[in-house]
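Student: Please pick one part of this model and take me through it closely. I would like to see how it connects to what lies around it.

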Amino acid sequence: MNTDASTLTTGSQPSNETKAAGEESLAPQKVRIMGRLSYLLAWFGGCVSIGTFTMGSSVVGSLNLIQATIAIAIGCFVIGIALVLNGAAGYKYGIPFMVQARSAFGFAGTRLPGLVRAVPAIVWYGFQSWIGAGALNMVSATLFGFDNLVFFFITFQFLQIGLSVMGFQGIKWLENVGSAFILASLVYMFYSTVQRYGDELSSSLLTMQGSWGLPFWSATMLFLGIYSTMILNVSDYAREHKHGTGPGLLTTIYSMSILPCTLFMGLIGYMVSEATGVADPIQVFANAVDNTPLLMTTLLFIAFAQVTTNVLNNVVPPTYVLMDVFKLKFRPATVIVGLLAFATFPWKLVSEDSAAGLQVFVQTYSAFLGPIFAILVVDYYLIRKRTLNLEHLYDANGPYQGVNYAALIATAIGAAVALNVSSVSWYASLIPAGLSYYLLMQYWGPCQRFLR
């Protein structure tokens, strides 16, 4: 058993303690470094997904502007609720996702949720680094005539590794400072979009009937789905937030941190696609040769957004998985994650030939996100009654040793539903996975020891 686990029951600690950069562990968090504003800005800066542009483009023709705006807002509000629900254990006890999952999946069983969270993160880490390097290369080629994508990719990746080894001290600094640049860039890009394409934008954006039915709710899931991976490992971040924030205010912090970027980027994608017929706003901006300031701002925004999103969203989860599985320290684990991103061959992932395979990959791992979330929530609120035994969670030979097959079976049931109801897969998988897990835990003898 990890003796550090027995020194903490609620996660509280003296306010005068500090934590050095890169001093992260799987033990219950003793020192929390993010207040409310800092925590909000961290999520704001770390949840900038370039894919949101495309999500906005995809609802053109099925939703009017008002419906698209409301769909984005609902998606972000649902995200906020889900983050509070699944992050409650991490916030209260200071434990990371991989430790939280032990009560539901068992010590060995956590390999499943760990892989579901870590493998996609590493793939997207490499993919987004290549995109960011491409943006920097275009800036360099346009302004200075220096064009070398491989150089920028290697440099860009090692820069991110350097930032990552600083841990949450570095994340706090990066996200808080970077939020100002991200917000200013989005406001400018939104304004420029309206100015540039205002004449082409159809009045039907507001007057078209659209749909409040399945297409509308599918749209809410599109914008929710962008952040569904972070819903799983939210405890990794919640354990850094200082105590004293109630569930209602915490839901507001999550929702309001994610909403601005999602709303701006989603509506930019929506308007650009409606005005030009091109689904990729980045391509439109890149071709805006008569507006160099807009082009440079967009490219720098793309590059910077990859850094803030990668360091928070794609480095921390696989790092903690490596720390759990291979008993590594935080800094070596982050370096390994950064090097593994090279092994994803992102230059291959961005090619047209890889598009179909990448889509299958996304659909496959996404089918497991809703079920695992439902199982963790049911386990914490209904099975454990919001009370965890930290000694058991850190005792590899205790009641949580091995695999909890109830969690694996429930995950498979939820994933099967998700794969068969793709338009609202995340929503549809919650009840089958959560209900089957609860029933198996209550009535299936082999899983009774996990009730302790």
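**Around one phenylalanine**

Tutor: Phe105 counts as buried, at 0% relative accessibility. Buried means under 20% relative accessible area; exposed means over 50%, and partly exposed is in between (1.4 Å probe, protein chains only).

Two notes before we go on. Residues are numbered from 1 along each chain as its sequence is written, and side-chain values use heavy atoms, leaving out hydrogens and water. The model is predicted: local features need pLDDT of at least 70 and side-chain atom pairs count only at pLDDT 80 or more, while totals for chains, interfaces and linings use all residues.

Where does Phe105 sit? Phe105 is in helix α5, residues 102-105. Helices are DSSP runs of H or I with at least four residues, strands are runs of E with at least two, and both are numbered from the N terminus.

Now look at the neighbors of Phe105. A contact means heavy atoms within 4.5 Å. Leaving out residues up to four places away in sequence, Phe105 touches Thr110, Leu112 and Pro113. The list of contacts also includes Ile372, Ile375, Leu376, Asn404 and Ala407. Leu451 makes another useful marker: its C-alpha atom is 12 Å from that of Phe105, although 346 residues separate the two along the chain.

Move to Arg102, in helix α5 as well. Which residue does the side chain of Arg102 meet in a salt bridge at 2.6 Å? The partner is Asp324, with the distance taken from N to O. A salt bridge needs a side-chain nitrogen of Lys or Arg within 4 Å of a carboxyl oxygen of Asp or Glu. Asp324 lies in helix α15, so this pair ties together parts that are 222 residues apart in sequence. Arg102 is buried at 5% relative accessibility. Asp324 is buried too, at 3%.

Asp324 also meets Arg111 in a salt bridge, at 3.9 Å from N to O. Here the link runs from helix α6 to helix α15, across 213 residues. Arg111 counts as partly exposed because its relative accessibility is 36%. Together, Arg102, Arg111 and Asp324 form a network of salt bridges.

Follow Arg111 into its helix. Helix α6 covers residues 111-143 and has 33 residues. The expected span is 1.5 Å times one less than the number of residues. That gives 48 Å, and the end C-alpha atoms are 47 Å apart, which agrees. After α6 comes Gly145, with a positive phi near 75°.

Next, Tyr437. Tyr437 touches Ile375, Asn404 and Ala407, among others, again not counting residues up to four places away. Those three names are also among the contacts of Phe105. Tyr437 touches Asp379 and Arg384 as well. The side chains of Arg384 and Asp379 meet in a salt bridge of 3.1 Å, N to O. Both ends are buried: Arg384 has 7% relative accessibility, and Asp379 has 2%. By the salt-bridge rule, the count comes to 3.

Tyr437 has another role in the picture. The largest nonpolar core holds 136 residues, and Tyr437 is one of those that touch the most other members. Such a core is a set of buried Ala, Val, Leu, Ile, Met, Phe, Trp, Tyr and Cys residues joined through side-chain atoms within 4.5 Å. Which helix gives this core its largest share? Helix α15 (residues 292-326) does, with 17 residues.

Stay on α15 for a moment. Thr309 is found there. Thr309 is buried, with a relative accessible area of 4%. Its contacts include Gly45, Cys47, Val48 and Gln128, not counting residues up to four places away in sequence.

Cys47 leads to a check on cysteines. A disulfide is a pair of cysteine sulfur atoms within 2.5 Å. A search of the whole structure finds 0 of them. Cys76 has its nearest cysteine sulfur, that of Cys47, 9.4 Å away. For Cys261, the closest cysteine sulfur is in Cys47, at 8.1 Å, too far for a bond.

Last, the confidence. pLDDT is the predictor's confidence in each residue, from 0 to 100. The chain averages 89, and 92% of the residues score at least 70. Among the elements, helix α4 (residues 97-100) has the highest mean, 98, and helix α14 (residues 281-286) the lowest, 66. Residues 1-16 stay under 50.
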